[in-house]
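Visitor: Hi! Could you show me the structure and walk me through its rings?
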Amino acid sequence: MRRPSASHHIDCDPATFWSVFWDDDAFLRELYLEVLQFKSFTVVSRSETKRVMRLVPKMNVPGPVAKVIGDTFGYEDHAELDRDRGEMRWQMKPNTMQGKLLVQGLVRVTPDGEGCRRVDEVTIEAKIFGVGGLVEGSTEQEVRAGWDKESAFLKRYLARRAQS
């Protein structure tokens with residue numbers, strides 16, 4: 001089991017962060033399709049507190065992991081947002097390996113003076129004989145790379161929005 005975490009400063013208040021990260025389809029589309037280069041992205045449903053997205057990532061994993069995961073790997077991201085607490089809990093529900101791959105996390109956003117601080121905490125567990133550790137390690141690498149790309153993109157997106 002792996003439990004990576006990260007913290008990023010964002011140049012906006014928490015309310016603006018959530019309005020972009022939760023509600024802004026243009027941001028989400030550009031993030032997933034262009035920045036993270038996912039093969040597909042769809043918001044299946046969204047309310048004020050719950051959101052489901054269907055995603056197919058571009059796979060950047062070692063051969064043995066790709067063989068286990070398969071060519072058609074995708075997942076649904078089920079998220080629940082509590083704006084008052086500044087927290088979003090999410091869980092990845094893969095279309096393959098049900099019961100063998102657990103990826104879930106928490107995004108916490110708090111004011112930090114001149115903007116806000118985003119803290120991500122993730123749990124990754126792969127119960128796959130022989131390659132579970134490799135799957136967990138590859139997933140952690142992808143998650144960490146995604147956080148860095150997403151943080152940089154969010155800063156650019158907010159700056160573009162401020163100029164409009």
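Guide: Let's chat about the aromatic rings here and what lies around them. This is a predicted model, so local features need pLDDT of at least 70, side-chain atom pairs count only at pLDDT 80 or more, and totals for chains, interfaces and linings use all residues. Residues are numbered from 1 along each chain as its sequence is written, and side-chain values use heavy atoms, with hydrogens and water left out.

Visitor: Cool. How many aromatic pairs are there?
Guide: Searching the whole structure gives nine. Rings of Phe, Tyr and Trp (its six-membered ring) pair if their centres lie within 6.5 Å; planes under 30 degrees apart count as stacked, over 60 as edge-to-face and the rest as tilted.

Visitor: How are Phe17 and Phe21 arranged?
Guide: They are stacked, 5.2 Å centre to centre with 15 degrees between the planes.

Visitor: And where do Phe17 and Phe21 lie?
Guide: Both are in helix α1 (residues 14–21), four residues apart, or about one turn of the helix. Helices are DSSP runs (H or I, at least four residues), numbered from the N terminus.

Visitor: Are Phe17 and Phe21 buried or exposed?
Guide: Phe17 and Phe21 are both buried, meaning under 20% relative accessible area (1.4 Å probe, protein chains only).

Visitor: New topic: why is the pair of Tyr32 and Phe38 edge-to-face?
Guide: Because their planes are at 70 degrees, with the ring centres 5.2 Å apart. Tyr32 is buried at 10% relative accessible area, and Phe38 is buried at 14%.

Visitor: Which ring does Arg51 lie over at 4.5 Å?
Guide: That's Trp22, with the distance taken from the ring centre. The charged end of Arg51 also sits over the ring of Phe21, 5.7 Å from its centre. For Arg, this requires CZ within 6 Å of the ring centre and within 35 degrees of the ring normal; for Lys, NZ is used.

Methods. Helix = DSSP H or I, 4+ residues; strand = E, 2+ residues; numbered from the N terminus. Buried < 20%, exposed > 50% of the residue type's maximum accessible area, 1.4 Å probe, protein only.
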